[in-house]
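Here are some friendly notes to read alongside the model. Take the points in order, and keep the structure open while you go.

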Amino acid sequence: MQKLSLNQSLQQRLSPQQIQFIKLLQIPSAELEQRIEEELEINPALEEGMDMDERVKDEYDDDYDGGDDHDDYGEYGEYETYEGLDVKQYLNQDDYAGYKMQGDGWGDDDRDAMPVIATSTLAESLVQQLGFLRLDSRQESIGMQLIGSIEEDGYIRRPLRSICNDLAFTQNIYTNEEEVIGLLKKIQTFEPAGIGARDLRECLILQLERKDQDDFAVETAIKIIDAYFDEFTKKHYEKIQRRLDIDDDTLKNSIKVITRLNPKPGSIGNGDSAAAYLMADFIVTNNNGKLDVILNSKNAPELRVSRSFAEMLDTYDKTDKNGSAQHKSIKETVTFVKQKLDAAKWFIDAIKQRQQTLLKTMKSIVEFQHEFFLDGDESKLKPMILKDIANRIDMDISTVSRVANSKSVQADFGIYPLKYFFSEGIATDSGEDASSREVKNILKELIENEPKNSPLSDDKLEKLLNKRGYNIARRTVAKYREQLNIPVARLRKQL
């Protein structure tokens, strides 16, 4: 017996403009220039530069508080769509024609004086990022050995067994490939993406894993490199297409994603060994106790809607009003011009909203971690999760995650990835939260001071932490111990 049922469901669908904003939001400033260049190539209605008589005051000054401007757009941007196009909105849009993408609060006189936001060499950048891991001396030595083994193009070609031997002979550190691989995996999360790979396949996979996993082209690209790398290198695309059961467009888009990856992550393409490898997206300065946050948009050029392109549409509009017949080809041209003008305006809007959202998020992080940003004392870092910032700026957690995932900030005492400031919160007997970093430091201290012939089990470590007021379970102790690359008690026993 067949039954007919009707179910209703409410689904939120993002518009193309909202998707554009999301994609722009998650890329770091170092990649923004390339994305803008791509848009300039495909859209003749979008131009780089600003007319002298159209200069407008930069909206993004140091006092920006992420207020009304952002609310006009909504979290993902409520961009308008046009049934009928009012030509005047393009001819009189000085705010778009003269939109400055110079960043936050940098005047004309300041452009050449913008602080240098990068380390001088790849090795120095990697060593600095290694410092963010808070390793013990043994792990740091292994990490330094691995960084020293990275060749100019960014690869580690020396066998890990040989690196183990080097550590034993030169530093009296006896390790195994498993421990070395654990440290290598951490280094492979550093910037630039793909660094520390042992071959081209691993290099491409490392870069793809940092891209938007919700993008079907990226998902397919990972499958191609992971399962059909040989076929890809031999350009047996038809075979790949059959085995993955994908259409022509999906294959084309996936191949495009792969070919845009950097096969030599140690080089930025110009052979300049002193070039910048780690660029900060934000700069925080301490002016006598007042923390100022600015957005580094040095690589983002000034954009405007093409006036000549808009005037072209005005000409067609006048022709139509004068009663002249429009042929099919003219109507197609008008439609094309309208679409490109819309796309240019939407893109500038998305860039503008991206900067507002980045600043709003970073300012909230600095307010939350105010004590740390005053002097860089890591003991003053508060436990902070994505939800804390999302609630403060009234945005979704996924938005904060996109900002934090691939961005970094330069303070007076160093450059930090934003992910560094987010951690788990551990409840204490006093009712306050303790940072997971704090708990890990205590755990590390307990293990370093344990009897060498009778090391502490995870159960004993749990009880000791509980006595100190940290409400932590044994499985969490085990997780933190593993994250610190500390073996279980029986393997730490020394006779």
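**Notes on salt bridges and a sheet**

1. Let's begin with Asp292, which forms a salt bridge with Lys290; their closest N and O atoms are 2.5 Å apart. Please keep in mind that this is a predicted model, so treat the distance as a value computed from predicted atoms.

2. Now look at how much of each partner can be reached from outside. Asp292 is buried, because its relative accessible area of 14% falls under the 20% cut-off. Lys290, in contrast, is partly exposed, with a relative accessible area of 49%.

3. How many salt bridges does the structure hold? The count is 20, and the next points pick out a few for you to find on screen.

4. Find Glu151 and Arg157, whose side chains meet in a salt bridge with an N to O distance of 2.7 Å. Both residues are partly exposed: Glu151 has a relative accessible area of 35%, and Arg157 has one of 45%. The pair also belongs to a network of salt bridges that links Glu151, Asp153 and Arg157.

5. Next comes the salt bridge between the side chains of Glu177 and Arg161, at 3.3 Å from N to O. Which parts of the chain does this pair tie together? Glu177 lies in helix 9 (residues 177-187) and Arg161 lies in helix 8 (residues 160-171), so the salt bridge connects parts that are 16 residues apart in sequence.

6. The accessibility of this pair is worth a look too. Glu177 counts as partly exposed at 31% relative accessibility. Arg161 is exposed, because its relative accessible area of 57% is over the 50% cut-off.

7. Let's turn to the sheet. It is an open sheet of four strands, in the order 3-2-5-6, and its pairing is mixed. Which strands form the edges? They are strand 3 (290-295) and strand 6 (414-417), and each of them pairs on one side only. On average, neighbouring strands of this sheet are turned by 25° against each other, with direction ignored.

8. As a reminder, strands of a sheet pair through backbone hydrogen bonds, and they can do this in a parallel or an antiparallel way. Here, strand 2 (residues 282-287) and strand 3 run antiparallel and are joined by six bridges. To see the pairing for yourself, find Phe282, which stands opposite Leu295 in strand 3.

Note on methods:
Residues numbered from 1 in each chain as written. Predicted model: local features only at pLDDT ≥ 70, side-chain atom pairs only at ≥ 80, totals over all residues. Heavy atoms only, no water. Salt bridge = Lys/Arg side-chain N within 4 Å of Asp/Glu carboxyl O. Buried < 20%, exposed > 50% of the residue type's maximum accessible area, 1.4 Å probe, protein only. Helix = DSSP H or I, 4+ residues; strand = E, 2+ residues; numbered from the N terminus. Pairing = 2+ DSSP bridges. Axes fitted to C-alpha atoms, helices over the stretch in contact; angles between N-to-C directions.
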